[in-house]
Amino acid sequence: MRTLVIRSIAAVGAAALLTLGTACSNEREGSTGSDSAEGKGFAKDSLIGVALPAKTSENWVLAGDLFTDGLKDSGFKADVQYAGASTTVADQQAQISSMVTKGAKVIVIGATDASQLATQVKQAKDEGATVIAYDRLITNTPDVDYYIAFDNFKVGQLQGQALIDGMKAKKPKGPWTIELFSGSPDDNNSKVFFDGAMEVLKPLIDKGDIVVGSGQTDIKQTATQGWKAENAQQRMDSLLTSAYGGKKTLDGVLSPNDTLARAILTSVKGAGKPVPVVTGQDSEVESVKSIMAGEQYSTINKDTRKLVAETVNMVKALQKGDKPTINDTKSYDNGKKVVPSFLLPPVIVTKENAAEAYANDPKLAALTK
Ligand code: BGC
């Protein structure tokens, strides 16, 4: 489905701009959404439910506040809920059911477990609500109307390419020794990020230019349950013990996000090894500081302010009975349907381009001065 071979970060950036261009032109044309969701509209002060996962990274904390304010500013009533830290699936299922019972017209869901929400989204559809999967796709159900996210496959490609670029900058000639980490298996994004990265890394692994020191290349081996920092740190500790004895060093680590990147760096530093090139995602404050200090190599800028604003725009279109803007009808097959999507372009950030990348985000821009 995705065969694009990315040669450099510059090429990816250009592709991202093209995607943005396409998104804008679709917006002007007013592209078609799913049949079931639009047409009737609903009252301007209706209840909108937002069910978010546990606060496993900063982006989710930001999203909750932005949804509360953005929906209220647009005249809606907002019910924004987070799944609890331990019983996340049951929590989220109960929260969605309660939003349906309270008569929410749209339910925006950042799924805590992609495959465990079929009953709740069916209940929402049966009551006439529109279901929007936010950031994470909901799988194995026909009852998801739209998906809105940063292009997750591209996130993975950018991470894979950054890992290569960072290692080449430090050590121009391979072979380079790396380890691979992926996110939580219950989050549909984890495989998409990993597949994107592997599309870039695998040809070099096959040629022997990149060596995975532990030999662990299967996503089942690389997974980080619950996106928890302690799980990534434990796995890195044990990889260092089993595969990096003596003076053996590590050139790079593919980390799917910033929280895990910092845990991996803590582990490597604790073992007294030199700091490898480590990727990330989310532009978390502590990671942007680490990048500026020359430790973490890269992150991804997925501006949560934009993603929430676009989601609120979707809700506003549905309220009026209009079709929300979508720009992708091919990429996100959830096992039951290809979910009409609105995808935003992610941006790779290293120390080199941080000031430029965060220029319109005062909190992060201040860290780059
Ligand atoms: C999000 C990432 C985030 C991760 C852990 C993913 O679904 O797309 O931005 O780092 O969840 O919270």
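Asn301 sits in strand 10, which runs over residues 298-301, and in this predicted model its contacts beyond four places in sequence are with Ser283, Pro346, Val347, Val349, Ala357 and Tyr358. With a relative accessible area of 14%, Asn301 falls under the 20% cut-off and therefore counts as buried. One of those partners also shows up as a polar contact: a polar atom of the Asn301 side chain lies 3.5 Å from the backbone oxygen of Ala357.

A comparable case is Asp151, found in the loop between strand 5 (146-150) and helix 5 (152-170). Its relative accessibility is just 5%, so Asp151 is buried. Here the side chain turns up next to a backbone nitrogen: a polar atom of Asp151 is 3.3 Å from the nitrogen of Phe153.

Zooming out, the chain has 13 helices and twelve strands. Of its 369 residues, 54% are buried. Among contacts with a separation of 6 or more, 73% join residues 24 or more positions apart. The exposed surface of the chain comes to about 15,500 Å², and carbon and sulfur atoms supply 52% of that area.

Helix 2 is a handy place to look at the packing. It covers residues 58-73, and at 1.5 Å a residue its 16 residues should span 22 Å; the end C-alpha atoms are 23 Å apart, so expectation and model agree. Its buried residues are Asn59, Trp60, Ala63, Gly64, Phe67, Gly70 and Leu71. These pack against four strands and a helix, namely strand 1 (47-52), strand 2 (77-82), strand 3 (106-109), strand 4 (130-134) and helix 11 (304-320). Just past the end of helix 2, Gly75 adopts a positive phi of about 95 degrees.

Helix 3 can be read in the same way. For its 14 residues, 88-101, the rule of 1.5 Å a residue gives 20 Å, and the end C-alpha atoms are indeed 20 Å apart, so the two agree. Thr88, Gln92, Gln95, Ile96, Ser97, Met99 and Val100 are the buried residues of helix 3. Their cover includes strand 1, strand 2, strand 3 and helix 4 (118-126). Strands 1, 2 and 3 are thus also on the list of elements that pack against the buried residues of helix 2. A glycine with positive phi follows helix 3 too: Gly103, at about 90 degrees.

On to the aromatics. A pair of aromatic rings is described by the distance of the centres and the angle of the planes. The structure holds five such pairs. In one of them, the ring centres of Phe67 and Tyr134 are 5.2 Å apart and the planes meet at 70 degrees, which makes the pair edge-to-face because the angle is over 60. Phe67 belongs to helix 2 and Tyr134 to strand 4, so this pair links distant parts of the chain, 67 residues apart. Both partners are tucked away: Phe67 is buried at 1% relative accessibility, and Tyr134 is buried with a relative accessible area of 3%. Trp60 joins Phe67 and Tyr134 in one aromatic cluster.

Another edge-to-face pair is made by Phe193 and Trp227, at 6.3 Å centre to centre and 70 degrees between the planes. Phe193 lies in helix 6 (residues 188-207), whereas Trp227 is in the loop between helix 7 (219-222) and helix 8 (229-243), so the pair ties together parts 34 residues apart in sequence. Phe193 and Trp227 are both buried.

That leaves the ligand, which brings helix 2 back into view. There are 14 residues around the ligand, and Ser57, Asp135, Arg136, Asp187 and Asp282 come nearest. Two buried residues of helix 2, Asn59 and Trp60, also have polar side-chain atoms close enough to list. For Asn59, a polar side-chain atom lies 3.3 Å from an oxygen atom of the ligand. For Trp60, an N or O atom in the side chain is 3.0 Å from a ligand oxygen. The side chain of Asp282 has an N or O atom 2.5 Å from an oxygen atom of the ligand. The ligand has 310 Å² of accessible area on its own, and the protein covers 100% of it. Trp60 therefore appears in both settings, as a member of the aromatic cluster with rings paired within 6.5 Å and as a polar neighbour of the ligand.

Definitions and conventions:
Residues numbered from 1 in each chain as written. Predicted model: local features only at pLDDT ≥ 70, side-chain atom pairs only at ≥ 80, totals over all residues. Heavy atoms only, no water. Expected span 1.5 Å × (residues − 1). Buried < 20%, exposed > 50% of the residue type's maximum accessible area, 1.4 Å probe, protein only. Contact = heavy atoms within 4.5 Å. Near = heavy atom within 4 Å. Polar contact = N/O pair within 3.5 Å; in protein donor to acceptor, adjacent residues only side chain to side chain. Areas by Shrake-Rupley, 256 points an atom, 1.4 Å probe, with all protein chains shown as cover. Phe/Tyr/Trp six-rings, centres within 6.5 Å; stacked < 30°, edge-to-face > 60°.
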